[in-house]
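Welcome! Here are some exercises on charges and rings in a protein, each with a worked solution. Have a look at the structure, then try each task before reading on.

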Amino acid sequence: MARRGAAALALALALLAVVLAGVGAQGAALQVPDYYVQETWSREPYYARREPKPEPFSPRLPAGTRDGEREPRPPEPRPPKKATKLKKAPKRDKLAPETPPPGKNSNRKGVRTKSSEKAASDDHSVPVAHDDVRESCPPLGLETLKITDFQLHASTSKRYGLGAHRGRLNIQAGINENDFYDGAWCAGRNDLRQWIEVDARRLTRFTGVITQGRNSLWLSDWVTSFKVMVSNDSHTWVTVKNGSGDMIFEGNSEKEIPVLNELPVPMVARYIRVNPQSWFDNGSICMRLEILGCPLPDPNNYYHRRNEMTTTDDLDFKHHSHKEMRQLMKVVNEMCPNITRIYNIGKSHQGLKLYAVEISDHPGEHEVGEPEFHYIAGAHGNEVLGRELTLLLMQFLCQEYLAGNARIVRLVEETRIHILPSLNPDGYQKAYEGGSELGGWSLGRWTHDGIDINNNFPDLNTLLWEAEDRQNIPRKVPNHYIAIPEWFLSENATVAVETRAVIAWMEKIPFVLGGNLQGGELVVAYPYDMVRSLWKTQEPSPTPDDHVFRWLAYSYASTHRLMTDARRRVCHTEDFQKEDGTVNGASWHTVAGSLNDFSYLHTNCFELSIYVGCDKFPHESELPEEWENNRESLIVFMEQVHRGIKGVVRDSHGKGIPNAVISVEGINHDIRTASDGDYWRLLNPGEYVVTAKAEGFALSTKNCMVGYDMGATQCDFTLSKTNLARIREIMEKFGKQPISLPARRLKLRGRKRRQRG
């Protein structure tokens with residue numbers, strides 16, 4: 001028995017020595033950064049290296065640590081900060097980096113420890129990316145819909161409208177919250193076994209989680225704390241730990257402000273799961289989220305390489321502060337001084353200049369016969385994608401013009417283009433400071449004094465419709481160029497200084513076509529934006545030019561990479577595919593005093609609202625793809641300014657007649673000529689009876705044919721003065737003296753005879 005005991009003891013000691021040797025070998029191996037981190041940071045192309053077989057994770061023992069000693073426990077996590085910006089990483093190549101560049105400057109607060117996370121010591125263990133170089137990864141794309149509904153799973157859900165596919169950051173609920181489109185993922189039961197899971201479909205370096213509560217007008221539901229787990233096969237899960245125990249992340253304290261929690265160390269896995277641990281006392285387990293992670297290169301996965309979006313345009317893909325925007329405009333102006341001009345249309349409430357860039361072959365002057373076009377962005381300061389797209393557009397036009405691109409050269413030489421990237425710079429500053437994922441749905445939307453610029457224009461629809469009901473059109477109220485009410489012009493009116501600046505700008509320049517870029521949806525909305533029936537919130541409200549507006553909207557939507565894709569998921573609640581990515585504004589939701597309606601009824605300009613993306617403020621790494629989505633559409637829409645008829649209305653001496661009225665038979669909406677007598681009337685292909693008339697001139701009518709080829713049909717008019725106008729002109733010329741002196745003498749003789757009699 002003693003011999004057997006001694007033999008067993010010797011065998012145990014031998015086995016212990018083997019185990020310690022293996023642990024030492026694994027620890028030594030982990031001292032070199034693992035393959036995943038090398039792949040992420042190495043500049044060598046992934047296809048130039050052989051892919052080693054990943055080893056199961058084993059925690060590294062610190063130097064000098066004996067078997068019986070333990071690592072000191074890291075400090076407890078600090079509460080995450082809300083509405084802070086993302087961190088700026090070291091500058092890298094602009095185009096299609098292997099690791100997407102992070103967003104704007106950030107004050108991210110989260111847990112940061114250098115201790116490795118303990119994992120299960122089996123073949124399903126999850127590698128931990130070492131924290132030698134700490135960098136924030138971009139969002140995976142729950143908000144931008146890059147993550148599909150099939151990649152989101154949950155333990156349970158209350159109903160389909162509250163399923164895992166609704167658990168996306170900033171998703172908005174429908175008007176009826178019990179329908180298919182509700183405002184979060186909500187678990188079917190309130191217990192600790194509930195979870196929501198994201199399948200990245202490839203190995204990903206997870207670095208953080210952003211959470212929100214449920215979007216609802218009536219209910220208050222949010223998660224106050226949660227655990228995070230990762231897995232490579234969705235069966236064996238490793239919980240993110242804080243030392244020896246599971247780490248509890250602090251969640252939300254209300255339902256709308258996003259909260260960021262960074263993982264103590266990045267975790268490499270395919271799946272990530274959020275497991276709520278506590279929630280608002282009077283609410284349920286409901287949450288919206290975004291995952292931060294860097295997808296790792298996989299040379300064997302053809303699907304991902306094929307679907308990765310890249311761009312060949314060498315542009316400045318970043319989010320620009322107001323100062324950086326001005327500097328970029330200056331760079332473009334210096335590159336193309338012969339076709340660009342920088343000017344401002346006024347100042348914001350806080351004194352920031354509202355800069356615009358003009359692109360034309362003769363900048364600074366209106367050329368007779370050349371139409372004027374504009375893009376406006378940033379009316380809502382937090383809808384940043386439109387702002388950056390316009391900045392990219394001006395760079396692109398300059399570069400392509402210098403390169404001799406025939407299409408761009410023709411567009412620049414035949415069109416006077418105006419680009420106003422930031423109509424609400426005060427609001428943008430708030431959103432910029434908040435960050436691309438942490439600003440929520442509305443931070444920075446309004447001006448500094450709390451006004452929504454997009455709905456801050458005078459309501460001319462009501463004036464027109466009331467006059468039509470009283471049959472006062474056009475005797476007392478015209479069907480175009482409706483005057484702004486006096487109350488709106490008073491200093492006491494609740495009108496933003498930015499709104500007044502835009503109105504003055506649009507009255508000064510004879511714009512023909514314009515687009516205001518907005519965000520949060522993927523659709524083109526055309527007027528009217530206001531319903532005609534009282535007490536209705538949704539109702540089709542077409543303009544007399546409805547067919548033209550439909551074409552203009554479709555010209556943008558059909559050339560966008562995603563708007564007319566029937567397979568794409570809806571952004572929030574509305575499916576616009578039945579109208580090919582377009583919608584009448586009033587049939588979507590009624591808005592009084594919109595920019596579109598004001599522009600149509602007060603000026604010649606046909607204005608549309610272009611919603612360029614589901615994510616109002618996408619991460620910086622998404623900008624190249626968003627540019628590719630919208631580039632062709634932005635150009636095609638500008639080209640539509642040359643559709644219809646154009647011409648000059650002159651008098652018999654060849655002088656242009658300003659303010660002449662151009663009417664098209666069958667369309668109850670007129671336009672007017674500019675100061676030089678030139679005009680542009682947007683029309684679809686067809687034959688039209690067009691009439692030109694001006695005060696003091698006899699009207700003139702002719703048939704004008706609009707073809708299918710690009711380019712407006714020339715349709716000039718020469719008007720002769722009426723007899724009455726000629727008499728008045730002669731009387732003014734002679735100081736209103738009688739023309740016939742004999743008649744004057746006869747009149748005086750008659751008076752004398754009457755006096756004598």
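**Exercise 1. Find which residues form one aromatic cluster with Trp465.**

Solution. The cluster joins Trp465, Tyr528, Phe549, Tyr600 and Phe606. Rings of Phe, Tyr and Trp (its six-membered ring) pair if their centres lie within 6.5 Å; planes under 30 degrees apart count as stacked, over 60 as edge-to-face and the rest as tilted.

Before going on, note that this is a predicted model, where local features need pLDDT of at least 70 and side-chain atom pairs count only at pLDDT 80 or more, while totals for chains, interfaces and linings use all residues. Residues are numbered from 1 along each chain as its sequence is written, and side-chain values use heavy atoms, with hydrogens and water left out.

**Exercise 2. Describe the aromatic pair of Tyr556 and Phe637.**

Solution. Start with the total: the whole structure has 22 aromatic pairs. In this one, the ring centres of Tyr556 and Phe637 are 6.2 Å apart and the planes make an angle of 75°, an edge-to-face arrangement. Next, place the partners: Tyr556 belongs to helix 11 and Phe637 to helix 14, so the pair ties together parts that are 81 residues apart in sequence. Helices here are DSSP runs (H or I, at least four residues), as are strands (E, at least two), numbered from the N terminus. Finally, check the cover: Tyr556 and Phe637 are both buried. Buried means under 20% relative accessible area, exposed over 50%, and partly exposed in between (1.4 Å probe, protein chains only).

**Exercise 3. Work out where the salt bridge between Arg214 and Asp182 sits.**

Solution. A salt bridge is a side-chain nitrogen of Lys or Arg within 4 Å of a carboxyl oxygen of Asp or Glu, and the structure holds 33 of them. For Arg214 and Asp182, the N to O distance is 3.1 Å. The two residues are 32 apart in the chain: Arg214 is in the loop between strand 3 (196-212) and strand 4 (223-231), and Asp182 in the loop between strand 1 (152-154) and strand 2 (185-186). Arg214 counts as buried because its relative accessibility is 3%, and Asp182 is buried too, at 0%.

**Exercise 4. Is Asp469, the partner of Arg532, buried or exposed?**

Solution. First find the bridge: the closest N and O atoms of Arg532 and Asp469 are 3.5 Å apart. This pair links distant parts of the chain, 63 residues apart, with Asp469 in helix 8 (residues 461-469) and Arg532 in the loop between strand 16 (521-526) and helix 11 (546-557). Asp469 has 58% relative accessibility, so Asp469 counts as exposed. Arg532, at 39%, is partly exposed.

**Exercise 5. Find the nonpolar surface patch that contains Trp218.**

Solution. Leu217, Trp218 and Leu219 make up this patch, with about 410 Å² of accessible area together. Such patches are made of residues with over 30% relative accessible area and no salt bridge, nonpolar side chains (Val, Leu, Ile, Met, Phe, Trp, Tyr) being joined within 5 Å and like charges within 9 Å. Accessible areas come from the Shrake-Rupley method with a 1.4 Å probe. Trp218 is in the loop between strand 3 and strand 4, and Trp218 counts as exposed because its relative accessible area is 68%.
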